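Work through the exercises below with the model open. Each task is followed by a solution in steps.

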Amino acid sequence: MKALKLTGLLAFIIMSSFSSCELLWYHNEQKLKVYNLALSFQDASGNNLVKGIGLSSWCCGTDIPAEQAQSGIVERDLYALDIMTPCKKRPIAPGRYDDPAIGMLKYNDSYFLTFDYAHLEDECPAIEEITFQLKCPYVFGDDEKHEIITFWKADNSETGMVCYRIEFGDKVITEIVNEFNDLNRATILLER
């Protein structure tokens, strides 16, 4: 009887493994479109408004304080984010299925909020316009939702997208740097 139970359990594990492999194979065969955006927010005096934002986890090194972090995940209670796209299907991105997260990146002594969005190409063609509705009192100094409208085109890689225009209020930003890992960096000046 023990041998029968052990054999049944082993068969169940093997069958589960095959179906998991099949599921992973299915998703790996589909093309993912990735939209990576890093925004530095500065006030009229040139002060970086992202610097010092609270982080729930950070990199690199467990011995360093959060203030010295090179990157990390922003504390969830410091912001609210909605991502609006023309796609009708749910976005697919690791860790961001229903609750998009914002990160922090320190680059060349500047601090950026990072926004990552991805979807399966089969579910939606390349998106040309994405609106990020962000409420972040730490950066903006108020409890309002601010719209950041971004415009995208395909790059030379299979997955990455290039941001070529950002609209924020009455400002149009076209000075956007696209670099390693399809990261699109820009600065938004706030009048506060």
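The exercises go from the whole chain to its sheets, its core and single residues.

**Conventions**

This is a predicted model, in which local features need pLDDT of at least 70, side-chain atom pairs count only at pLDDT 80 or more, and totals for chains, interfaces and linings use all residues. Residues are numbered from 1 along each chain as its sequence is written, and side-chain values use heavy atoms, with hydrogens and water left out.

**Exercise 1. State the secondary structure content, the buried share and the accessible surface of the chain.**

Step 1. Helices (H or I, at least four residues) and strands (E, at least two) are DSSP runs, numbered from the N terminus. The chain has 2 helices and 12 strands, and their order along the sequence is α-β-β-β-β-β-β-β-α-β-β-β-β-β.

Step 2. Buried means under 20% relative accessible area, exposed over 50%, and partly exposed in between (1.4 Å probe, protein chains only). Of the 192 residues in the chain, 38% are buried.

Step 3. Accessible areas come from the Shrake-Rupley method with a 1.4 Å probe; for residues, only the protein chains shown count as cover. The chain total is about 11,700 Å², and carbon and sulfur atoms hold 54% of that surface.

Step 4. A contact is a pair with heavy atoms within 4.5 Å. When contacts between residues at least 6 apart in sequence are taken, 54% of them join residues at least 24 apart.

**Exercise 2. Give the strand order of the sheet that contains β8, and find its edges.**

Step 1. Two strands pair if DSSP finds at least two bridges between them. On this basis 5 strands form an open sheet, ordered β4-β7-β8-β9-β10, with antiparallel pairing.

Step 2. β4 (80-84) and β10 (171-173) are the edge strands, each pairing on one side only. From one strand to the next the twist averages 20 degrees, where axes are lines fitted to C-alpha atoms, for helices over the stretch in contact, and angles run from 0 to 180 degrees between N-to-C directions.

Step 3. Follow the pairs across the sheet. β4 and β7 are joined by 5 bridges, and Ile83 has Phe132 of β7 as its bridge partner. β7 and β8 pair over 6 bridges, with Thr131 bridged to Ile149 in β8. β8 (residues 146-154) then pairs with β9 (residues 161-168) over 7 bridges, and there Ile149 stands opposite Glu167.

Step 4. Check the cover of β7: 5 of its 7 residues are buried.

**Exercise 3. Which strands stand at the edges of the sheet of 7 strands?**

Step 1. The order of this open sheet is β2-β3-β5-β6-β1-β12-β11, and its pairing is mixed.

Step 2. β2 (55-59) and β11 (177-179) stand at the edges; each has a single partner strand, so one side of each lacks a neighbour in the sheet.

Step 3. Neighbouring strands here are turned by 25 degrees against each other on average, direction ignored.

Step 4. At the β2 edge, β2 pairs with β3 (residues 71-74) in the antiparallel sense over 4 bridges. Ser57 has Ile73 in β3 as its bridge partner.

**Exercise 4. Identify the residues with the most partners in the largest nonpolar core.**

Step 1. A nonpolar core is a set of buried Ala, Val, Leu, Ile, Met, Phe, Trp, Tyr and Cys residues joined through side-chain atoms within 4.5 Å. The largest one has 39 residues, and Phe41, Leu113, Leu134 and Ile166 touch the most other members.

Step 2. The elements that contribute two or more residues include β1, β6 (110-120), β7 (129-135), α2 (137-140) and β12 (183-189).

Step 3. Beyond four places in sequence, Phe41 touches residues including Leu113, Val139, Phe140, Ile148 and Ile188.

**Exercise 5. Is Leu39 buried or exposed, and what does Leu39 touch?**

Step 1. Leu39 lies in β1 and is buried, with a relative accessible area of 0%.

Step 2. Leaving aside neighbours within four places in sequence, its contacts include Val50, Phe115, Ile166 and Ala186.

Step 3. The C-alpha atoms of Leu39 and Asn184 are separated by 8.3 Å, although the two residues are 145 apart along the chain.

**Exercise 6. How many disulfides does a search of the whole structure find?**

Step 1. With a disulfide taken as a pair of cysteine sulfur atoms within 2.5 Å, the search finds 0.

Step 2. Cys136 is buried at 1% relative accessible area, and Cys163 is buried at 3%.
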